[in-house]
Amino acid sequence: MFMEKILAKLSREVSVNYPLAKRHLFKKKTGNAKFFYELCFDETMENDLKVFGELYKENLPFVLFSQGTNLLISERGYDGLFVAVGTKGAGIKFDEKTSEFHVSANATVGVLVKDTTERGYDFSPLTGVPGLVGAGIVGNSGWPANPTKRDFDYFVKRIKVFDLQKGEFEWMTPDGDFFGTRDSFLKQQNKGKTRYIVVESVLASEYIGKENVKELVQRQTEERRESSYFGFKEGTAGSVFSGGHIVMATGKKIQMMLSENPDINIDANGATFSSNGARLFKTEPHTTDKDVAKWFSHVTQKVKEYYGHDLHKEVVLLDYDGEVTLPEFLGRYDKKLGACGLSKKQELEVK
Ligand SMILES: Cc1cc2nc3c(=O)[nH]c(=O)nc-3n(C[C@H](O)[C@H](O)[C@H](O)COP(=O)(O)OP(=O)(O)OC[C@H]3O[C@@H](n4cnc5c(N)ncnc54)[C@H](O)[C@@H]3O)c2cc1C
């Protein structure tokens, strides 16, 4: 009741028992969110952010996602407020004086690349990265095969966040330690409990002329054509391991590893690498979290065995009580690996 009282202060109605499968690309069997709300980037935003701040202060369960392309939700769903960032009202403004782009966090990376191309500024390394700009900054997204190796950190000058702890907006200027490979200060700070919500950023890049940018964008679009699509012939697929870490550690892409050693992959009742495109992860409507855990466990062990590399989980694993680590997920859903953190009743539920 206490949480409901706080949620009643939000600008629009909150959906109850919302089926999260609607927000999921590649995990077909997905539970419900106890509460669901879409954050709009309009005159209602500040009020809603302040309400999230109240949830933060009261330690009430709340998570925020943009387009969910880096998210795997369990069958048990989420037992709190799941906030999705809406794309309505997204904006990109060019400052002629500074040659900087002011970008709202709910703009898609696709629109960012398109708009900056029109003005002749080179954001081509981000071509084909799915999702929204705010999420791209938090996860320092980029395409590991791009020859310049430029991820989001290369372009970010300043970031406007809402600090839920302080209940106010704040501008951050990233220093050399702010970003890591598919990582950032914000991602680290938000682990376990979301403190910072990105609302805007100031981005910049070199001017090389529209035709030159267009050519680079077209080249990258061609190179990653199949992997850019969420939809594959046999269903939708998602990226669960960080390609950047794999290439850095082994010099190979996961596709190469799979063709060298096909037994890295298994089909655990539908949980498997897609057979085409970038060999991403897919499931079937009958695939359970136990199957997903079995697949994760098999793949990580085989890659370690063949290449000595510990695969770096990129995807966020969301269970009923919040984000969990891969060992926690395996412990919860694959009994052979030893249950961790579950009561006897919950263990029975997942058998
Ligand atoms: C087919 C496919 C291809 C992909 N290719 C790439 C690629 O080339 N390069 C790459 O890096 N990744 C890639 N990914 C992974 C994913 O698309 C990226 O990580 C992307 O940046 C996620 O954007 P999103 O809007 O879907 O974020 P979400 O999945 O919704 O969220 C990701 C994380 O960001 C946090 N977050 C989101 N918005 C905000 C905000 N406004 N403020 C604070 N925190 C926020 C969420 O809490 C979550 O922890 C790919 C995924 C798929 C399915």
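Which helix or strand gives the largest share of the shell around the ligand? Let's start there and then work outwards, keeping in mind that this is a predicted model. The answer is α4, which supplies 4 residues of that shell. The helix α4 spans 133–138, and together with β3 (62–65) and β12 (196–203) it belongs to the elements that each supply at least two residues around the ligand. If you would like to find the ligand's nearest company, look for S66, G131, G134, A135 and S141, which come nearest among the 31 residues around it. The chemistry of this shell is easy to remember: 17 of its residues are nonpolar, 14 are polar, and none is charged.

Now step back to the whole chain. The protein is divided into domain 1 (2–85), domain 2 (92–223) and domain 3 (230–350). Where domain 1 and domain 3 touch, the contact takes 18 residues from domain 1 and 22 residues from domain 3. On the domain 1 side, β4 (71–73) and β5 (78–85) each supply at least two residues, and β4 gives the most, with 3 residues. Unlike the ligand shell, which has no charged residues, this side of domain 1 includes 6 charged residues, alongside 8 nonpolar and 4 polar ones.

The strand β5 deserves a closer look. Of its 8 residues, 6 are buried, so the strand is mostly covered. It pairs in the parallel sense with β2 (residues 32–39) over 6 bridges, and in β5 the bridge partner of Y37 is V83. Another parallel pairing joins β5 to β3 over 4 bridges, with V63 standing opposite F82.

Several of these names return in the protein's interior. As a rule, nonpolar side chains in soluble globular proteins tend to be buried together. Here the largest nonpolar core has 79 residues, and those with the most contacts inside it are Y78, F82, V83, L112, V133 and V198. Take Y78 as an example: setting aside residues up to four places away in sequence, it touches L20, A33, K34, V63, I73, L318 and Y320.

Next to L318 in the sequence is L317, a residue of strand β17 (residues 316–319). Is L317 buried or exposed? It counts as buried because it has 23 C-beta neighbours inside 10 Å, and 20 or more are needed for that label. Beyond its neighbours within four places in sequence, L317 is in contact with L72, E323, V324, L326 and F329. For a sense of scale, L317 and S11 are 306 residues apart in sequence and 29 Å apart in space, C-alpha to C-alpha.

Finally, there are two backbone details to inspect. Most residues other than glycine have a negative phi. N17, however, has a positive phi of about 55° although it is not a glycine. This residue lies in strand β1 (residues 15–19) and is exposed, because 11 other C-beta atoms lie within 10 Å. S99 also has a positive phi, near 55°, and is likewise a residue other than glycine. You will find S99 in the loop between β6 (92–95) and β7 (100–104), where it counts as partly exposed because it has 13 C-beta neighbours inside 10 Å.

Notes. Residues numbered from 1 in each chain as written. Predicted model: local features only at pLDDT ≥ 70, side-chain atom pairs only at ≥ 80, totals over all residues. Domains from an automatic or database assignment. Contact = placed C-beta atoms within 7 Å. Nonpolar A, V, L, I, M, F, W, Y, C, P; charged D, E, K, R; others polar. Near = placed C-beta within 6 Å. Core = buried A, V, L, I, M, F, W, Y, C linked by C-beta atoms within 7 Å. Buried ≥ 20, exposed ≤ 12 C-beta atoms within 10 Å, placed from the backbone. Pairing = 2+ DSSP bridges.
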